[in-house]
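The following exercises are to be solved with the sequence and the coordinates at hand. Each task is followed by a solution in steps.

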Amino acid sequence: MTVRTTRRVFLSAATMMAAALAATACGSPQDTASGGGDGAAPVKVGLVYSQSGALASYGKQYIEGFRAGLDFATRGTGKVGDRAIEVTEVDDAGDPAKAVSAAKDLIGKGTKIIAGSTSSGVALQVAPIAAQNKVLFISGPAATDAVTGANRYTFRSGRQSYQDVVTAKSFIGDPTGKKVVVFAQDGAFGDANEAAVKAVIGGAGATVSSVRAPASATEFTPFASQIRSAKPDLLFVAWAGTTAPAMWQTLDQQGVLSSTTVVTGLDIRASWPTFGAAGAKISFLSHWFDGAADTEAAKAAKAKVPGGTLDLFHPDGFAAAQMVVRAVEQGGDDVDKMIKGLEGWSFEGVKGTMTIRAEDHALLQPMFQAKLTGSGSAYTATAQKSLTGDETAPPVGQMKG
């Protein structure tokens with residue numbers, strides 16, 4: 001594991017005075033913070049996420065978003081009141097064992113707030129550690145639904161799988177009596193997506209079936225024929241790996257993309273060329289892409305992230321920083337007060353209005369329908385429709401701990 005610690009401080013008394021005047025004029029929530037704490041001692045925040053490993057590109061976006069969000073939420077000071085936010089970054093490489101070890105080490109050093117978790121497997125292992133040690137845990141890009149309601153100490157700054165599938169459902173309107181086919185690889189990833197579509201879209205009245213392919217498959221014509229014969233109203237594709245370009249090319253050549261509504265998730269920008277010529281024929285459910293919304297937070301994030309272009313997981317890091325600042329404002333060093341300060345809180349994030357549901361800590365947030373135009377590396381994404389946080393809200397779950 002690699003560890004990096006950064007302390008954000010004022011550069012000068014003049015900067016402090018200017019920030020104080022700006023905060024007074026804007027009515028900063030820091031003015032009414034109720035938490036208190038150890039005088040001017042730094043607030044220790046541990047970020048445990050993927051700096052390396054399979055999800056390193058996701059982790060890179062997360063940390064860039066977090067830094068931009070911390071700047072935004074503290075008005076460039078890196079402080080809550082007189083207290084600097086001291087951030088320690090640890091690489092878990094997507095390994096739950098490394099993440100648990102890192103979290104325990106940070107907690108042992110007095111850290112009361114842990115954030116990160118690029119991987120769902122990591123998040124599900126860190127959440128119990130937070131509850132056992134009574135520290136705040138804000139999961140990041142990890143999409144598993146099981147993070148929601150895991151325990152009262154666990155929150156999330158990203159979306160969950162249910163919100164993805166509800167967004168897919170929005171492409172066919174009322175699902176009652178309609179046929180939906182899930183095309184996915186054999187294995188846990190495919191199983192989870194098929195189960196989610198059956199629960200969400202099937203539960204709303206559609207008939208859901210599946211066409212599954214071995215993860216090792218390289219010839220996709222037989223599967224395309226099965227899909228075409230089923231004549232679905234909606235084809236939901238859940239695919240990962242290096243065979244994606246060949247799969248999409250085959251679906252296009254076999255007429256699947258022109259015969260039905262085909263929906264899949266829009267991943268990070270680097271993945272867009274894998275759609276090839278098929279990209280412009282697919283309907284995408286989207287958590288976020290650059291330009292999906294023109295919020296003040298999005299403008300601030302674009303001004304801070306390297307290159308000035310936002311990608312899929314920048315909003316997750318940005319929201320995490322906003323939640324950290326809110327927790328410290330409301331709770332100081334008291335984790336119970338942090339929790340109460342976050343529960344039910346609505347705030348304007350990169351995507352728009354975000355609300356932390358008090359009952360189970362689901363993060364209600366906008367989701368998007370998107371289309372790609374252009375081709376290959378020159379694809380541009382545009383929003384076709386925005387769904388509100390209420391429209392994509394998962395069912396209220398019972399807090400498990």
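**Exercise 1.** In which helix is T167 found? Determine also its burial class and its contacts beyond the adjacent sequence.

*Solution.*
Step 1. The model is a predicted one. In it, T167 belongs to helix α5, which comprises residues 161-169.
Step 2. The relative accessibility of T167 is 0%. Since the cut-off for the buried class is under 20% relative accessible area, T167 counts as buried because of this value.
Step 3. Neighbours within four places in sequence are set aside; T167 then contacts L285, S286, M367, F368, L387 and T392.
Step 4. Two of these partners can be placed directly: L285 and S286 are residues of strand β12. Strand β16 covers residues 367-373, and M367 and F368 are among the contacts of T167.

**Exercise 2.** Describe the surroundings of strand β12: the directions of its side chains, its partner strands and the residues opposite L285.

*Solution.*
Step 1. Strand β12 consists of residues 283-286. S283 and L285 point one way, whereas F284 and S286 point the other way. All four are buried.
Step 2. With strand β11, residues 261-265, β12 forms a parallel pair over 3 bridges. In this pairing, G265 is the residue opposite L285.
Step 3. With strand β16, β12 runs antiparallel, and 3 bridges join the two. Here the bridge partner of L285 is Q369.
Step 4. Combining the steps, L285 has G265 as its opposite residue and Q369 as its bridge partner in β16, and L285 is also in contact with T167 of the helix treated above.

**Exercise 3.** What is the strand order in the open sheet of 3 strands, and which strands form its edges?

*Solution.*
Step 1. The order is β13-β14-β15, and the pairing is antiparallel.
Step 2. An edge strand pairs on one side only; this holds for β13 (346-348) and β15 (363-364).
Step 3. Strand β14, residues 353-356, is joined to β15 by 2 bridges in the antiparallel sense. Within this pair, I356 has L363 as its bridge partner.

**Exercise 4.** Compile the environments of Q61 and A68, two residues of helix α2.

*Solution.*
Step 1. Helix α2 spans residues 56-73 and contains A68; Q61 lies in α2 as well.
Step 2. The relative accessible area of Q61 is 8%, and therefore Q61 is buried. For A68 the relative accessibility is 3%, so A68 also counts as buried.
Step 3. When residues up to four places away in sequence are not counted, Q61 touches I268, D311, L312, F313 and H314. Under the corresponding exclusion, A68 touches A301, K304, V305 and F318.
Step 4. A distance to the residue G401 completes the description: its C-alpha atom is separated from that of A68 by 32 Å, with the two positions 333 residues apart along the chain counted as their separation.

**Exercise 5.** Where do R75 and S117 lie, and is each of them buried, exposed or partly exposed?

*Solution.*
Step 1. R75 has a positive phi of about 55 degrees although it is not a glycine. S117, likewise not a glycine, has a positive phi of about 55 degrees.
Step 2. R75 is placed in the loop between α2 and β3 (79-80). S117 is placed in the loop between β5 (113-116) and α4 (120-133).
Step 3. R75 has 40% relative accessibility and so counts as partly exposed. S117 has a relative accessible area of 1% and is therefore buried.

**Exercise 6.** Assess the chain as a whole: its elements, dimensions, contacts, surface and charges.

*Solution.*
Step 1. The chain has 12 helices and 17 strands.
Step 2. For 401 residues, a compact globule would have a radius of gyration near 21 Å; the chain has 22 Å, so the two agree. The C-alpha trace spans about 70 × 40 × 40 Å along its principal axes.
Step 3. Of the 401 residues, 53% count as buried. Among contacts between residues at least 6 apart in sequence, 69% join residues at least 24 apart.
Step 4. The exposed area is about 15800 Å², of which carbon and sulfur atoms supply 52%.
Step 5. There are 37 positive and 36 negative side chains, and the centres of the two sets lie 1 Å apart.

Methods. Residues numbered from 1 in each chain as written. Predicted model: local features only at pLDDT ≥ 70, side-chain atom pairs only at ≥ 80, totals over all residues. Heavy atoms only, no water. Buried < 20%, exposed > 50% of the residue type's maximum accessible area, 1.4 Å probe, protein only. Pairing = 2+ DSSP bridges. Contact = heavy atoms within 4.5 Å. Rg over C-alpha atoms; globule rule 2.2 N^0.38 Å. Areas by Shrake-Rupley, 256 points an atom, 1.4 Å probe, with all protein chains shown as cover. Lys, Arg positive; Asp, Glu negative; His and termini not counted. Charge placed at Lys NZ, Arg CZ, Asp CG, Glu CD.
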